[in-house]
Amino acid sequence: QVQLVESGGGLVQAGGSLRLSCTASGRAFSSYVMGWFRQAPGKEREFVAEITWNGGTTYYRDSVKGRFTISRDNAKNTVYLQMNSLKPEDTAVYYCAARARVGTPYNYWGQGTQVTVSS
């Protein structure tokens, strides 16, 4: 079992930056693939970024490539999402999630943290 807690959300002006953190409790964090998702009001939840267990491979949705960076510190049981050059369309609740390996369902989800980007 893995419990995930996000932090770092807030209100920022367009062009600004935020860093989200997701800290995990429970066993075997370092073995999990970790991802970030987001859900804007009235929209479906969408994939943002993913990182493999050792940080060796990352994936991003096209609209955030070059602006967002996912990373992890397994010693701290934490995954990060550095968000730069934020746009109003990045406004959403951001969730972190964990899965056993790429291609399997995400089994564990955090409660979400709100990111609001003003124009």
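**Exercise 1. Contacts of M83**

Task: List which residues M83 touches, not counting residues up to four places away in sequence.

Solution. Take contact as heavy atoms within 4.5 Å. M83 then touches G16, S17, L18, L20, R67, F68, Y94 and V115, leaving out residues up to four places away in sequence.

A note on the input. This is a predicted model, in which local features need pLDDT of at least 70 and side-chain atom pairs count only at pLDDT 80 or more, while totals for chains, interfaces and linings use all residues. Residues are numbered from 1 along each chain as its sequence is written, and side-chain values use heavy atoms, with hydrogens and water left out.

**Exercise 2. The nonpolar core**

Task: Find how many residues the largest nonpolar core has, and which elements give two or more residues to this core.

Solution. Step one: fix the terms. A nonpolar core is a set of buried Ala, Val, Leu, Ile, Met, Phe, Trp, Tyr and Cys residues joined through side-chain atoms within 4.5 Å. Buried means under 20% relative accessible area, exposed over 50%, and partly exposed in between (1.4 Å probe, protein chains only).

Step two: count. The largest nonpolar core has 30 residues. Those with the most contacts inside it are L4, M34, W36, L81, M83 and Y94.

Step three: map the core onto the elements. Two or more residues come from each of β1 (2-7), β3 (18-26), β4 (33-39), β5 (46-51), β7 (68-73), β8 (78-83), β9 (92-99) and β11 (113-118). Strands (E, at least two residues) and helices (H or I, at least four) are DSSP runs, numbered from the N terminus.

As background, nonpolar side chains tend to be buried together in soluble globular proteins.

**Exercise 3. The whole chain**

Task: State how many helices and strands the protein chain has, and what its radius of gyration is.

Solution. The protein chain has zero helices and 11 strands. Its radius of gyration is 13 Å, close to the 14 Å that the globule rule gives for 119 residues, so the chain is as compact as a globular protein of that length. The radius is taken over C-alpha atoms, and the rule is 2.2 Å times the number of residues to the power 0.38.

Now add the burial and contact totals. Of the 119 residues, 44% count as buried. Among contacts with a separation of 6 or more, 54% come from residues 24 or more positions apart.

**Exercise 4. E50 in its strand**

Task: Decide whether E50 is buried or exposed, and which side chain joins it in a polar contact.

Solution. E50 is found in strand β5. E50 is buried, at 3% relative accessible area. A polar contact of 2.4 Å joins the side chains of E50 and Y106. The term covers a pair of N or O atoms within 3.5 Å; within protein, one must be able to donate a hydrogen and the other to accept it, and residues adjacent in sequence count only if both atoms are side-chain atoms.

Leaving aside neighbours within four places in sequence, the contacts of E50 include V33, M34, G35, I70 and R99.

**Exercise 5. A salt-bridge network**

Task: Trace which residues are joined into one network by salt bridges that share partners.

Solution. A salt bridge is a side-chain nitrogen of Lys or Arg within 4 Å of a carboxyl oxygen of Asp or Glu. The whole structure has six.

Start at D90. D90 forms a salt bridge with R38, with the closest N and O atoms 3.0 Å apart. D90 lies in the loop between β8 and β9 and R38 in strand β4, so the pair ties together parts that are 52 residues apart in sequence.

Next, R67 bridges to D90 at 2.8 Å between the closest N and O atoms. R67 lies in the loop between β6 and β7, 23 residues from D90. Both R67 and D90 are buried.

Collect the members: R38, E46, R61, R67 and D90 form one network.

**Exercise 6. Positive phi**

Task: Say where N77 and S85 lie, and what phi each has.

Solution. N77 is in the loop between β7 and β8, with phi near 55°. N77 is partly exposed, at 22% relative accessibility. S85 is in the loop between β8 and β9, with phi of about 50°. S85 is partly exposed too, at 40%. For reference, most residues other than glycine have a negative phi.
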